Amino acid sequence: TILIVFTNVKNKIMKKIIVTGGLGFIGSNLIELLLKKNFYVINLDKVSYSSNFYNTKEFNKNKNYKFIKCDINSKRLADIFNKFKPSCIFNLAAETHVDRSIDNPSHFINSNINGVYNILECFKKYYKKNKKIKLIHISTDEVYGDVLKGRSNESYPYKPSSPYAASKASSDHLVYSYVRTYKLPAIVTNCSNNYGPKQHPEKLIPKLIYNIFNNKSLPIYGKGLNSREWIYVMDHCEALYDIYKKGKFGEFYNIGSNKNLNNIQICKSLLNVSKFFTDKKNNVKIKFVKDRPGHDLRYALNSNKIKKEIKWKPKTSFKLGIKKTFQWYLNNKNYYKSLSKKDITKRLGVKWLKKE
């Protein structure tokens, strides 16, 4: 009697993904998700003021994670593509702070337009060697400008108000032009305001949390009625992953929560949450300051397309997400210490304010 045993051994090759801007807020959260899904992740970041190695400390020694200091404008980009042979590139490298774009638009033109052009050129050359690669370019709802009524879908006209938004709008158009002209496998996503762990405190929610911790007033532009659609960062990252798996090349996908709150509501939510987590009483109050030049009143996305075609929907309610966010900063106060204090407290764009 001969016993024959057949063994099926599946040697799965770990797919490699490049994330640009991976020391930033959304990028580091996306890397966390991709590592959990067993990808080998290469993080490219030029290490600017908004980059933070604190954001990647949890997986810094993971054997499936590699960091490379590299500007997306660098000629090294092509060599990195050829060496690692990624299955996808998520482009999150960008200058994003509107007030900074008011003070100095040149950095935004260089990173958000010229940098994307360099990625596209390197991607175009690499695509000739590897037809299975994808590019997912992450953009913003700010490209649509003021949406005073209704919600903007993917066919809504672009009308950016700030140099930041204009630079992102330009990059979106560049990506689409390369899809149309060179038949490149790329996708553009436009997401609403993100919040959650690891966000730089030049942005509203982590700045307000910092001020609550330090018993400082909560500065709010204008009358505090500017409305934004808020999405928890990991919900956004899961949407990006689903688009990587199911998205169609050449398409634009809005990613939003359908949950709008104005800045006064955000302040009140954080003050309520602070009472839940801390016994310390404080006298923190809202302080209205001069409005930002060209400040859009309302952003609101129609995200029906991704819900219908990709079968994605947000999982985290704002009530839960803001508690998780506050708790993360409470448990990671050293995060603030890892940043320059002036980048947390100094207001930018003020020299362009109208004098009363």
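Reader: How many bridges join strand β2 (residues 40–45) to β3?

Author: In this predicted model, 5 bridges join β2 to β3, and the two run parallel. Strands are said to pair if DSSP finds at least two bridges between them. One bridge sets L44 against I68 in β3. Strands are DSSP runs of E with at least two residues, and helices are runs of H or I with at least four, numbered from the N terminus.

Reader: On what basis are the residues numbered and the features accepted?

Author: Residues are numbered from 1 along each chain as its sequence is written, and side-chain values use heavy atoms, with hydrogens and water left out. Local features need pLDDT of at least 70 and side-chain atom pairs count only at pLDDT 80 or more, while totals for chains, interfaces and linings use all residues.

Reader: What makes the sheet containing β3 and β10 open?

Author: The sheet has 7 strands in the order β3-β2-β1-β4-β5-β6-β10, with parallel pairing. β3 (65–69) and β10 (252–255) each have a single partner strand, so one side of each is left without a neighbour in the sheet.

Reader: How do you know that α7 packs on the sheet?

Author: Helix α7 touches β1 (16–20), β4, β5, β6 (186–191) and β10, where contact means heavy atoms within 4.5 Å. Its direction makes about 145° with that of β5; axes are lines fitted to C-alpha atoms, for helices over the stretch in contact, and angles run from 0 to 180 degrees between N-to-C directions.

Reader: Why is α7 called largely enclosed?

Author: Buried means under 20% relative accessible area, exposed over 50%, and partly exposed in between, with a 1.4 Å probe and protein chains only. By that criterion 11 of the 14 residues of α7 are buried, so the helix is largely enclosed by the rest of the structure. Among them are V233, H236 and Y244.

Reader: What is the burial of strand β9 (residues 227–232), and which strands pair with it?

Author: For β9, 6 of its 6 residues are buried. S227, E229 and I231 point one way, and R228, W230 and Y232 the other. β9 pairs with β7 (residues 193–195) in the parallel sense over 3 bridges, and with β11 (residues 260–262) in the antiparallel sense over 3 bridges.

Reader: Why is the protein described as being as compact as a globular protein of its length?

Author: The protein has 12 helices and 12 strands. Its radius of gyration is 21 Å, close to the 21 Å that the globule rule gives for 356 residues, so the protein is as compact as a globular protein of that length. The radius is taken over C-alpha atoms, and the rule is 2.2 Å times the number of residues to the power 0.38.
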